[in-house]
Amino acid sequence: MTTVQASEPPPATRPLVAPWYRWWVVAMLWFVCFFNYADRQSIYSVFPKLKEEFGFDKVQLGLIGLAFMWVYAGGAPFAGFICDHFRRKDLILGGCLFWSFVTVTTGWCQKLWHFVTVRALEGFGETFYFPASMSLVSDYHDRRTRSRALSFHQSSVYIGTILGSWLGAWFAEHLGWRVGFYFFGGMGAALALVLYRFLREPVRGEAEAASGELATHGVALGEKLSVGETLRIIFRTPTVPLLMLAFLAANFVATIFLTWTPTFLVEKFHFKLTSAGLSGSVFIHLASACSVPLAGWLADRFAQRMVGGRMLVQALGLFAGATFVFLVGQTASTTLLLFAMTVFGFCKGFYDSGIFASLFDSIEPRARGTAAGIMNTVGWGGGALGPLFVGLASKYGGKPTEVENMSDAIAFGGVIYLIGAALIGFAIFSFRKSSLGRQTA
């Protein structure tokens, strides 16, 4: 097997673009990811309008959220494997065109099965994005800058969530709930068409080849992996499965907040719809957007100084955030609520900064798309139970009112966060053990 030499990368692996372009790639994908999240989030802010117009109860609304998440999760391994074998640029921008069209069709829905169907199709379109985009960015950024690059990209998740929620609610109150879907879908499609000219496909493993990392591990650049070889790379140590289970725990809590926070603020704290759509996202996700660059910088520094440094940053975020998740559910004070949401969001950014960067520390470039896809399947497939859990707990819980039951269900997310922190702790131990084994082999 031919390996890449650290001293002189072969011509195919040398950067084909100016050095600044690797950050321009992150900036372009930032806007694609913005619409990815704005499109998926806008429906949650109009749940009260759907309940009012169509009479949907909380379980039915939970099913609408579930349809997106389970299809998104179920298609992710297939999407990941496809992105390891085909041009990621086409999957990213083609997917953006598809999910943007589906977003537009959401405005045409009239019945429950219509909403369930379009949300499922939205999940299918968006499932290709993260495996392809995370793999592509990792071929422009090696271990020295990967956390910072992926953290900057991650900030678009929060801004998309904030504006998707707020604008969706604003359109619903002033122009009708359907208008927001026409707006976000049309803008996303236009962006995808423009970026087809500027986004370039890198050579797989280009960043590691240039820095000599591939030679260290004896990896043959450009060779495709079979399904069996890919799975062996992903699951050869307990580290990756543990990170995936931690992602499930973190996403269980995240999907609860994405889905139910606007409704929670309207029903418990009597916010107006537009204010709930903004407050339900801005305090959490703006804090995350502020903390994630700091966490990415710390993760890159820690990764160079200690084995498992990126994961340590993530574990600290979950551990510290657990208390504030509990407070969000249990407080009756609006001031304390907003404070707890803000600190929870800050801690969430520390975990989110390393979701894929930590994963890719254990995965070589040719298997990263599939690994990211399986990660999304575990995280979103299990995490999708969060909104349904809150819907069922609200309707059938033991407290006198649905609002009290919802409060307890949200507070339970603090326990889930602690479980996630423990899982990452075990992953750090496994990663250090496997790294030591490679050094002594």
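**Entry 1: salt bridges**

I'm counting a salt bridge when a side-chain nitrogen of Lys or Arg sits within 4 Å of a carboxyl oxygen of Asp or Glu. Note to self: this is a predicted model. I looked up aspartate 90 to start, and I find it in a salt bridge with arginine 87, with 3.0 Å between the closest N and O atoms. Aspartate 90 comes out as partly exposed because its relative accessible area is 31%. Arginine 87 is partly exposed too, given its 43%.

How many salt bridges does the structure hold? My tally gives 13.

Next I went to arginine 88. Its partner is glutamate 201, and the closest N and O atoms are 2.8 Å apart. This pair links distant parts of the chain: arginine 88 belongs to helix H4 (residues 88-106), glutamate 201 to the loop between H8 and helix H9 (206-211), and 113 residues separate them. Is arginine 88 buried or exposed? I get 0% relative accessibility, so arginine 88 counts as buried. Glutamate 201 is at 23%, so I log that one as partly exposed. I also found one network, in which salt bridges with shared partners join Arg148, Asp300, Arg310 and Asp361.

One further pair: the side chains of glutamate 53 and arginine 178 meet in a salt bridge at 3.4 Å, N to O. Why do I say that it ties together separate parts? Because glutamate 53 is in helix H2 (residues 47-54) while arginine 178 is in the loop between helix H7 (146-174) and helix H8 (179-195), parts that are 125 residues apart in sequence. Glutamate 53 has a relative accessible area of 44%, so it goes down as partly exposed. Arginine 178, at 18% relative accessibility, counts as buried, because the cut-off for buried is under 20%.

**Entry 2: serine 135**

I followed arginine 88 to a neighbour, since serine 135 has Arg88 on its contact list. Skipping residues up to four places away in sequence, serine 135 touches Arg88, Phe130, Arg204, Phe360, Arg368 and Gly369. I place serine 135 in helix H6 (residues 129-138). Its relative accessibility is 1%, so serine 135 is buried.

**Entry 3: the core**

I pulled up the largest nonpolar core and got 126 residues. Which of them touch the most other members? They are Val32, Ile43, Leu50, Phe130 and Phe356. Helix H12 (residues 239-269) supplies the largest share of this core, with 17 residues. As background, nonpolar side chains tend to be buried together in soluble globular proteins.

I then checked isoleucine 43 on its own. Setting aside neighbours within four places in sequence, I see isoleucine 43 in contact with Leu50, Ile64, Thr106, Phe115, Arg119 and Phe181.

**Entry 4: a patch on the surface**

Which residues make the nonpolar surface patch? I have Trp20, Trp24, Val194 and Phe198, with a patch area of about 440 Å². Tryptophan 24 is in helix H1 (residues 21-45), and at 39% relative accessibility it counts as partly exposed. Valine 194 is in helix H8. Valine 194 also rates as partly exposed, because its relative accessibility is 46%. I took one distance from valine 194 as well: valine 328 is 134 residues away in sequence and 41 Å away in space, C-alpha to C-alpha.

**Entry 5: cysteines**

How many disulfides does a search of the whole structure find? I got 0. Why is there no bond for cysteine 109? The closest cysteine sulfur, in cysteine 96, is 19 Å from the sulfur of cysteine 109, which is too far for a bond. Cysteine 109 is buried, as its relative accessible area is 2%. Cysteine 347 is in no disulfide either, and the nearest cysteine sulfur, in cysteine 290, is 13 Å away. With 8% relative accessibility, cysteine 347 counts as buried.

**Entry 6: a backbone oddity**

I finished with backbone angles. Which sign does phi of histidine 270 have, positive or negative? It is positive, near 60°, in a residue other than glycine. Most residues other than glycine have a negative phi. Histidine 270 sits in the loop between H12 and helix H13 (273-305). Its relative accessible area is 66%, so I mark histidine 270 as exposed.

How values were computed. Residues are numbered from 1 along each chain as its sequence is written. This is a predicted model: local features need pLDDT of at least 70, side-chain atom pairs count only at pLDDT 80 or more; totals for chains, interfaces and linings use all residues. Side-chain values use heavy atoms; hydrogens and water are left out. Patches are made of residues with over 30% relative accessible area and no salt bridge: like charges are joined within 9 Å, nonpolar side chains (Val, Leu, Ile, Met, Phe, Trp, Tyr) within 5 Å. Accessible areas come from the Shrake-Rupley method with a 1.4 Å probe; for residues, only the protein chains shown count as cover. Helices (H or I, at least four residues) and strands (E, at least two) are DSSP runs, numbered from the N terminus. Buried means under 20% relative accessible area, exposed over 50%, partly exposed in between (1.4 Å probe, protein chains only). Contact means heavy atoms within 4.5 Å. A disulfide is a pair of cysteine sulfur atoms within 2.5 Å. A nonpolar core is a set of buried Ala, Val, Leu, Ile, Met, Phe, Trp, Tyr and Cys residues joined through side-chain atoms within 4.5 Å.
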